[in-house]
Amino acid sequence: MKNTDFYKLIDDLLERETSNGKIPRLDGFLISLWQTASQSEKRKPMIEDLIAWIKFALRHEPAKFDPQWMQRAVAFAESAFEEWENTILGQISELDELFEEIGDDDVANHYGRNEWYNLKTEQYLKGAVSGLFGGDEEDDADPYDIEQFTWQDFADFLDTGKTYN
């Protein structure tokens with residue numbers, strides 16, 4: 001899959017879900033993303049898996065945050081899967097605290113708070129895709145094939161979604 005195709009696919013998916021009024025709040029999206037992706041049990045992911053997991057997370061009602069999930073995080077990640085899980089669980093926990101403090105209506109006024117630059121699901125996903133892979137309208141580089149996708153790439157995807165403008 002070309003990076004430009006991947007960006008367009010995510011952009012189109014977000015447009016469809018937004019027009020249906022069904023985009024979940026970012027913390028809920030990440031909960032659903034974690035729950036579906038973690039079921040793969042550490043096998044090597046592919047970019048097609050990421051697309052399926054994103055679709056699932058956008059379309060399914062997330063569970064409520066459970067602080068006990070944080071017990072799954074490890075102090076020292078010995079694998080890229082553990083690094084990914086630490087990253088997503090950390091973001092879920094941070095967002096739970098942040099949204100409890102600021103509420104849903106005041107998200108725009110908290111740009112950059114606690115190093116969060118994308119507090120809306122749409123901004124987060126577009127930032128993650130364009131920041132890690134390029135392929136958006138402003139990318140003037142030649143399109144390229146996304147030949148591999150690893151758990152470390154997924155952790156980087158999450159970090160990029162949080163901070164990329």
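**Entry 1: Glu 85 and Arg 72**

I began with a charged pair. Glu 85 and Arg 72 form a salt bridge, and their closest N and O atoms are 2.8 Å apart. I noted that the model is a predicted one. Next I looked up where the two partners sit. Glu 85 belongs to helix 4 (residues 80-102), while Arg 72 is in the loop between helix 3 and helix 4. The two are 13 residues apart, and the pair links distant parts of the chain.

Then I checked exposure. Is Glu 85 buried or exposed? Glu 85 has a relative accessible area of 6%, so I put it down as buried. Arg 72 comes out at 43% relative accessibility and therefore counts as partly exposed.

**Entry 2: Other salt bridges**

I looked up the total: the structure holds eight salt bridges. I followed up two more of them.

Arg 43 bridges to Asp 49, with 2.9 Å between the closest N and O atoms. Arg 43 is at 41% relative accessibility, so I list it as partly exposed. Asp 49 is at 13%, which means that it counts as buried.

Lys 8 bridges to Asp 12, with the closest N and O atoms 3.2 Å apart. I find both residues in helix 1 (residues 3-19). They are four residues apart, about one turn of the helix. Asp 12 has a relative accessible area of 27%, so I enter it as partly exposed.

**Entry 3: Aromatic rings**

I turned to the rings. How many aromatic pairs are there? I get a count of 14. I picked out Trp 53 and Phe 154, a stacked pair. Their rings are 5.7 Å apart centre to centre, with 10° between the planes. I call this stacked because the planes are under 30 degrees apart.

Where do the two residues of this pair sit? Trp 53 is in helix 3 and Phe 154 is in helix 6 (residues 151-163). They are 101 residues apart, and this pair links distant parts of the chain. I checked exposure here too: Trp 53 and Phe 154 are both buried.

I then traced the surrounding cluster. One aromatic cluster takes in Phe 6, Trp 53, Phe 81, Trp 84, Phe 133, Phe 149, Trp 151, Phe 154 and Phe 157. So the stacked pair, Trp 53 and Phe 154, is part of that cluster.

**Entry 4: The largest pocket**

I moved on to empty space. The largest pocket holds about 300 Å³. Its lining has 16 residues. Which of them lie nearest the centre? I noted Arg 25, Gly 28, Pro 62, Ala 63 and Lys 64.

I looked up which elements contribute. Helix 2 (26-37) and helix 3 (47-59) each supply at least two lining residues. Helix 2 gives the largest share, three residues. By class I recorded seven nonpolar, two polar and seven charged residues in this lining.

**Entry 5: The second largest pocket**

I gave the second largest pocket the same treatment. About 250 Å³ of space lies in it. I find 14 residues in the lining of the second largest pocket. Nearest its centre are Lys 126, Ser 130, Asp 136, Tyr 164 and Asn 165.

Which helix supplies the largest share of this lining? Helix 5 (residues 121-133) does, with five residues. By class, the second largest pocket has three nonpolar, six polar and five charged lining residues.

Notes. Residues numbered from 1 in each chain as written. Predicted model: local features only at pLDDT ≥ 70, side-chain atom pairs only at ≥ 80, totals over all residues. Heavy atoms only, no water. 1 Å grid on protein atoms, 1.4 Å probe; cavity = no way out; pocket = protein on both sides within 12 Å on 5 of 7 lines; lining within 4 Å. Points joined across faces, edges and corners; volume = space filled by probe spheres on them. Nonpolar A, V, L, I, M, F, W, Y, C, P; charged D, E, K, R; others polar. Phe/Tyr/Trp six-rings, centres within 6.5 Å; stacked < 30°, edge-to-face > 60°. Buried < 20%, exposed > 50% of the residue type's maximum accessible area, 1.4 Å probe, protein only. Salt bridge = Lys/Arg side-chain N within 4 Å of Asp/Glu carboxyl O.
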